[in-house]
Amino acid sequence: MTIVEVTNPDKYPMELLLLADPEEQAIQAYITRSKCFVKEVDGNMVGTYVLLPTRPHTMEIMNIAVEESSQGKGIGQQLIHHAIQTSKELGYTCMEIGTGNSSIAQLYLYQKCGFRIVSIDKDYFTHHYDELIIENGLQCRDMVRLQQYI
Ligand SMILES: CC(C)(COP(=O)(O)OP(=O)(O)OC[C@H]1O[C@@H](n2cnc3c(N)ncnc32)[C@H](O)[C@@H]1OP(=O)(O)O)[C@@H](O)C(=O)NCCC(=O)NCCS
């Protein structure tokens, strides 16, 4: 599994990161305080995730994305397992991740990887995003927060 950390800010995979978070300004705000990892296949970046330490002992996966043509092949799951392993090695004991109420596949994937729903930030997306987000025929309104101890 070739998953490596990107240490040069000029090399952050912005196109991939924007798949998970449409607001570049928001990404720029957290990425400088985070660690960014990419999965490469034949020299191409096909997936990414970003880890942000949010509280003592707690690491949040802020962004996870796999390029469209490589989705559904298990790469997302590999990235999450790598994120958990990396955080453990750095001494963290709690992982968090958040997603929209309408992100059905993501909610499935995160729970399959051991996360449990711990809270709902009602109207997070309605308040923080200018554009209406519709996914799977549902309006994305609420942030579902998930957590697991590692
Ligand atoms: C979310 C994302 C990272 C998952 O990556 P991926 O490589 O496609 O995920 P995997 O192939 O590891 O799939 C994991 C599981 O989800 C399932 N899955 C994938 N897409 C699905 C869908 N649309 N509906 C239901 N299940 C789905 C897979 O079948 C797999 O389950 P299985 O192992 O039981 O078969 C990827 O789809 C993506 O980049 N999406 C756009 C960005 C995004 O939404 N990021 C998250 C923001 S919160």
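Select Y108 and the ligand first: an N or O atom in the Y108 side chain is 2.6 Å from an oxygen atom of the ligand. That pair is a polar contact, meaning N or O atoms within 3.5 Å of each other. Keep in mind that you are looking at a predicted model, where local features need pLDDT of at least 70 and side-chain atom pairs count only at pLDDT 80 or more, while totals for chains, interfaces and linings use all residues. Residues are numbered from 1 along each chain as its sequence is written, and side-chain values use heavy atoms, with hydrogens and water left out.

Now add K73 and G76, and show their backbones. A backbone N or O atom of G76 lies 2.8 Å from an oxygen atom of the ligand, and for K73 the corresponding distance is 3.1 Å. Taken alone, the ligand exposes 950 Å², and the protein buries 67% of that (accessible areas by the Shrake-Rupley method with a 1.4 Å probe).

Next, select everything with a heavy atom within 4 Å of the ligand. You should get 20 residues, the closest being V66, G74, Q106, Y108 and K112. Try colouring this shell by class: ten residues are nonpolar, eight polar and two charged. Here Ala, Val, Leu, Ile, Met, Phe, Trp, Tyr, Cys and Pro count as nonpolar, Asp, Glu, Lys and Arg as charged, and the others, Gly among them, as polar.

Switch to cartoon view. Which elements give two or more residues to the shell? They are α1 (14-20), β4 (58-66), α3 (75-89), β5 (94-100) and α4 (104-112). Of these, α4 gives the most, with six residues.

Finally, zoom out to the whole protein. There are five helices and nine strands, taken as DSSP runs (H or I, at least four residues, for helices; E, at least two, for strands) and numbered from the N terminus. Following the chain from the N terminus, you will pass β-α-α-β-β-β-α-β-α-β-α-β-β-β. Along the principal axes, the C-alpha atoms fill a box of roughly 35 × 30 × 30 Å.

Notes. A polar contact is a pair of N or O atoms within 3.5 Å; within protein, one must be able to donate a hydrogen and the other to accept it, and residues adjacent in sequence count only if both atoms are side-chain atoms.
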